[in-house]
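Visitor: Got a minute to walk through this one with me? I'd like to start with the strands.

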Amino acid sequence: MNEFLRTQILTELEDAVGEENCSIREIDKLSHSVDYFWLSRMWADRGRKMPEADFVVSPLNATETSKVLKIANYYKIPVTTWGGGGGTQGGAIPVAGGIVLDTKRMNQVYEVNTDSMYIECGTGAIYKHIEWIANEKGYATMHYPSSLTCSTVGGFLAHRGIGVVSTKYGKIDDMVLSMEVVLPNGDIINTSTAPKHAAGPDLNQIFIGSEGTLGVITKAQIRIYEQPEVRRFRGFLFKDMSSAFKASREVLQKFKPSVMRLYDDAETASLIKKIVGVAKPGAFMNIAYEGVKELVDVEEKILLDTFKKYGAEDLGSEYGEKWWKEKITFFYPGHMMDLPQMFGTMDTIAPYDKIEKIYWEMKKAIETNFPQARFIAHFSHWYEWGCMIYDRFIVDNPPEDPIEAMKLHNKIWTLGVRTAIANGGVVNDHHGVGIKLGRMMKEQYGPAMQVFECIKKGLDPNGIMNPYKLGL
């Protein structure tokens, strides 16, 4: 892009969103070039420059977003939507330059509807802020991911995020009633007036998880819930994970706890010992169950009777309560892995008859082929039919050379995800795909990938929306 054309486009963007909301300053471009994707942080840490946008724009609403996308479509400029920058898959990195569309000015709360039980807000709102607003009215969003305090509503929608009480309340896609979306051509649409209907495919589910490749979500109606009358915790120690899977599956045929968190031996002996204080060998599991007291009393009896059948040691409520208090501490500096370590979370999901095999096969594949790597995991989101693995690899001394480090990182990821797919898992459960795992999408979907490609081509024929992400 030559200087003359860049200046012309800048004046048009300034007209669309206001001069003060459109930047070409190096500091703004730099700060929007690195998210929580390990490769982007490593690349910058090693003194290399990440790809930068040509413009950083911050629209106020769908109308201004529409103007920006119309300009981008005319000049065929890439557009990458940016929320809080807390993603781990490189989904917000402007690898093709062009425009970074920062959503954080779209943080208005338009309505708290206590009849239909939702908050309507702009997708640039930090999720913790709408949780506080719900709390002020006596309600809760029941969406508590580790990045609650630093990520936006739109970020969770774009990557189909999940929180720690998902076993009872669901993922972010279960919590959305309706959305406002700006299509790549600038048209503004609303997905529905109700999330459940037979009037064709669910438009919500087309855009949720699309990672900014099909348009920009600008507004959403997010469900709220009454605060539970009681919330109880229980910690258990299983001798092995097989027993824990069987016990959990049986419980979930009878009721849904809000939190179910099973840690393998390695993570129990490291992270759980350090933060929660469990020092015994085995697989630690924390359970929370909540709601009306009379029902919770019944659920507690079912839980204790079932887990006793499978040999679980009842550790009481103390460990569980401490886990709840420290649930985000696990991800703070000093507790979470960080540079110079190399690390990644390969979360996948599968039915019960496959999930434990996936764990052992991934562990064997990574630790055998990459002896410098450690593999630890916990199982944190459960359903009647299966659960997901929050599995991590850690390399304490990765290559200093950034290119060699990138090669090693990608090799480990490719082997781990391929092993998951080969044994019945998927590319990813809730962190998304981004640029990190785009290459794996066709390996998972095969000929079905053309469905995504046709939707992309139909909505975004110029290919301007977040190129090279989600395998599109």
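Visitor: Which residue stands opposite Ala-283 of S14?
Guide: Phe-238 does. Keep in mind that this is a predicted model.

Visitor: Which strand does S14 pair with over nine bridges, and in what sense?
Guide: Strand S12, residues 230-238, and the sense is antiparallel.

Visitor: And how many bridges join S13 to S14?
Guide: Four, with the two strands running antiparallel. In that pairing Met-260 sits opposite Ile-287 of S14.

Visitor: Why call S14 largely enclosed by the rest of the structure?
Guide: Because nine of the nine residues in strand S14, 283-291, are buried. Buried here means under 20% relative accessible area.

Visitor: Which residues are on each side of S14?
Guide: One side has Ala-283, Met-285, Ile-287, Tyr-289 and Gly-291. The other has Phe-284, Asn-286, Ala-288 and Glu-290. Both faces are covered. As a general point, side chains in a regular strand alternate between the two faces of the sheet.

Visitor: Back to S13. How many bridges join S13 to S18?
Guide: Two, and those strands run antiparallel. Tyr-263 has His-378 in S18 as its bridge partner.

Visitor: What is the partner of His-378 in S19?
Guide: Tyr-390. S18 and strand S19, residues 386-395, pair antiparallel over six bridges. The two strands make a hairpin, with six residues between them.

Visitor: How many residues of S18 are buried?
Guide: Six of the seven in strand S18, residues 373-379, which leaves the strand mostly covered.

Visitor: Switching to cavities. How many of 30 Å³ or more turn up?
Guide: One, from a search of the whole structure. The volume of the largest cavity is about 60 Å³.

Visitor: Which residues lie nearest the centre of the largest cavity?
Guide: Arg-261, Tyr-263, Phe-330, Phe-331 and His-378, out of 10 lining residues. So two names return from the strand talk: Tyr-263 and His-378 are bridge partners.

Visitor: Which elements supply at least two residues of that lining?
Guide: Strand S13, 259-263, and helix H10, 265-275. By type, the lining of the largest cavity has five nonpolar residues, one polar and four charged.

Visitor: What about the second largest pocket, how much space lies there?
Guide: About 720 Å³. There are 33 lining residues, and Arg-160, Ile-208, Gly-209, Asn-428 and Tyr-445 are the closest to the centre.

Visitor: Which helix gives the most to that lining?
Guide: H16, with four residues. Helices H8 (203-207), H15 (441-445) and H16 (449-459) each supply at least two. The lining of this pocket divides into 17 nonpolar, 10 polar and six charged residues.

Visitor: Now the packing. Which residues have the most contacts inside the largest nonpolar core?
Guide: Phe-307, Phe-379 and Trp-382, in a core of 115 residues.

Visitor: What is Phe-307 in contact with, neighbours within four places aside?
Guide: Phe-236, Phe-238, Ala-247, Ser-248, Val-251, Met-285, Ile-287 and Ala-312. A second, separate core has 22 residues, including Leu-10 and Ile-464.

Visitor: Last one. What is the strand order in the open four-stranded sheet?
Guide: S1-S2-S4-S3, with mixed pairing. Strands S1 (22-23) and S3 (79-82) are at the edges, each pairing on one side only. S2, residues 55-57, and S4, residues 99-102, are parallel over three bridges. There, Phe-55 stands opposite Ile-99.

Technical notes:
Residues are numbered from 1 along each chain as its sequence is written. This is a predicted model: local features need pLDDT of at least 70, side-chain atom pairs count only at pLDDT 80 or more; totals for chains, interfaces and linings use all residues. Side-chain values use heavy atoms; hydrogens and water are left out. A nonpolar core is a set of buried Ala, Val, Leu, Ile, Met, Phe, Trp, Tyr and Cys residues joined through side-chain atoms within 4.5 Å. Buried means under 20% relative accessible area, exposed over 50%, partly exposed in between (1.4 Å probe, protein chains only). Contact means heavy atoms within 4.5 Å. On a 1 Å grid over the protein atoms alone, a cavity is a set of points where a 1.4 Å probe fits but cannot get out, and a pocket is an open set with protein on both sides within 12 Å along at least five of seven lines; lining residues have an atom within 4 Å of a point. Grid points are joined across faces, edges and corners, and a volume is the space filled by probe spheres set on the points. Ala, Val, Leu, Ile, Met, Phe, Trp, Tyr, Cys and Pro count as nonpolar, Asp, Glu, Lys and Arg as charged, and the others, Gly among them, as polar. Two strands pair if DSSP finds at least two bridges between them.
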